[in-house]
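Here are some short exercises for you to try with a structure viewer open. Work through each task yourself before you read its solution.

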Amino acid sequence: MTQNTVEKTPLTLLGLGVMGTALARTWLAAGHPLTVWNRTPARATALAAEGARVADTAAEAVAANTLVVVCLLDDTSVDGVLAGTDLADRDLVNLTTSTPAQARARAEWARERGARYLDGGIMAVPPMIGVPEAGGYVFYSGSPELFERHQQTLGIPVGTTYVGENAGFAALHDVALLSAMYGMFAGSAHAFALIRNEDIDPEALAPLLADWLVAMAPTVHQTANQLRSGDYTKGVVSNLAMQVAGTPTFLSTAEQQGVSPELLSPYFELMRRRLAEGSGEEDLTGVIDLLVH
């Protein structure tokens, strides 16, 4: 065994779904001694051939290494898998998708069992794991000391971004970004629906749509600045009154094209409600306050 291999942090990985398997392969390829466990043992067979040690039970896997990474289906699965394991003096890193409240509760649950805790929110799909240029990363929150201790190891499969000591912040950042993604998907779906029955090639529209979304993306910085300053009229280009006045065109076009407006209508209704408060010179930022309150 080379000195380089000796210096690699050994770790345990619980959960070998598509994401867990991708994580495992990158750690193995980087020379990290890896112990794995999965409820369905057959999923570990290929990894054993690549050098992983396969534990018969979750408890055995947890006992094998100080650093224990969990990548399971949901928070309930974490309860089931870790029940009966000895977590004392373990560094528990939970990459299982959860809500912020679940993450905070899991951090306290881990502390009560003598473990140090980091929560993670994976901003990547399996093909992005081990491919730095793909741009994926994981949000981490919880113990800053624990993050610093294991950042190099955790950064092997995909980049790392620490977002705070509050254990729920990784999950909150994860869901916030994914929520914006689904909003983008919704707008794109409406755009493609509008041309669906016309002699327009969707593959011709796609680059135009992608470029437009990229061009509009920087507006999030202005929104953030307005939220911080409290001045929603700062730097406004197209004010709320003007944009609300234009919404009938979008709804009429949808009707004429035989397309349901259900993806747009809720947002337009929020815009109208905000305008009714007499905030016509604002940007669209005030809609956020309607959602919160």
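**Exercise 1.** Decide whether Arg274 counts as buried or exposed, and find its salt-bridge partner.

*Solution.* Keep in mind that this is a predicted model.
Step 1: the cut-off for buried is under 20% relative accessible area.
Step 2: Arg274 has a relative accessibility of 11%, so it counts as buried.
Step 3: its side chain meets that of Glu282 in a salt bridge, with 2.9 Å from N to O.
Step 4: check the partner too. Glu282 has a relative accessible area of 10%, so this residue is buried as well.

**Exercise 2.** Work out how Glu108 and Arg111 are placed along their helix, and classify each by accessibility.

*Solution.* Step 1: look at helix H6, which covers residues 100-112.
Step 2: Glu108 and Arg111 are three residues apart in this helix, so about one helical turn separates them.
Step 3: the two form a salt bridge, and their closest N and O atoms are 2.5 Å apart.
Step 4: at 34% relative accessibility Glu108 is partly exposed, whereas Arg111, at 52%, counts as exposed.

**Exercise 3.** Find the residue that pairs with Glu60 in a salt bridge, then classify both side chains.

*Solution.* Step 1: the partner is Arg53, at 3.0 Å from N to O.
Step 2: Glu60 has 28% relative accessibility and counts as partly exposed.
Step 3: Arg53, with 41%, is also partly exposed.

**Exercise 4.** How many salt bridges does a search of the whole structure find, and which residues are linked in a network?

*Solution.* Step 1: the search gives 12 salt bridges.
Step 2: the network links Asp89 and Asp91 with Arg116 and Arg149.
Step 3: recall the general idea, that side chains of opposite charge can pair when their charged atoms come close.

**Exercise 5.** Describe the largest nonpolar core, and say which helix or strand gives the most to it.

*Solution.* Step 1: this core has 29 residues, and those touching the most other members are Leu13, Leu23, Val69, Val93, Leu95 and Tyr140.
Step 2: several elements each supply at least two residues, including strand E1 (11-14), strand E4 (67-70) and helix H7 (144-154).
Step 3: H2 gives the most, with six residues.
Step 4: now zoom in on Val93. Leaving aside residues up to four places away in sequence, Val93 touches Leu67, Val68, Val69, Val70, Leu118, Tyr140 and Leu154.
Step 5: apart from this core lies another, of 20 residues, with Leu82, Leu87, Ala110 and Tyr117 among them.

Conventions
Residues are numbered from 1 along each chain as its sequence is written. This is a predicted model: local features need pLDDT of at least 70, side-chain atom pairs count only at pLDDT 80 or more; totals for chains, interfaces and linings use all residues. Side-chain values use heavy atoms; hydrogens and water are left out. A nonpolar core is a set of buried Ala, Val, Leu, Ile, Met, Phe, Trp, Tyr and Cys residues joined through side-chain atoms within 4.5 Å. Buried means under 20% relative accessible area, exposed over 50%, partly exposed in between (1.4 Å probe, protein chains only). Helices (H or I, at least four residues) and strands (E, at least two) are DSSP runs, numbered from the N terminus. Contact means heavy atoms within 4.5 Å. A salt bridge is a side-chain nitrogen of Lys or Arg within 4 Å of a carboxyl oxygen of Asp or Glu.
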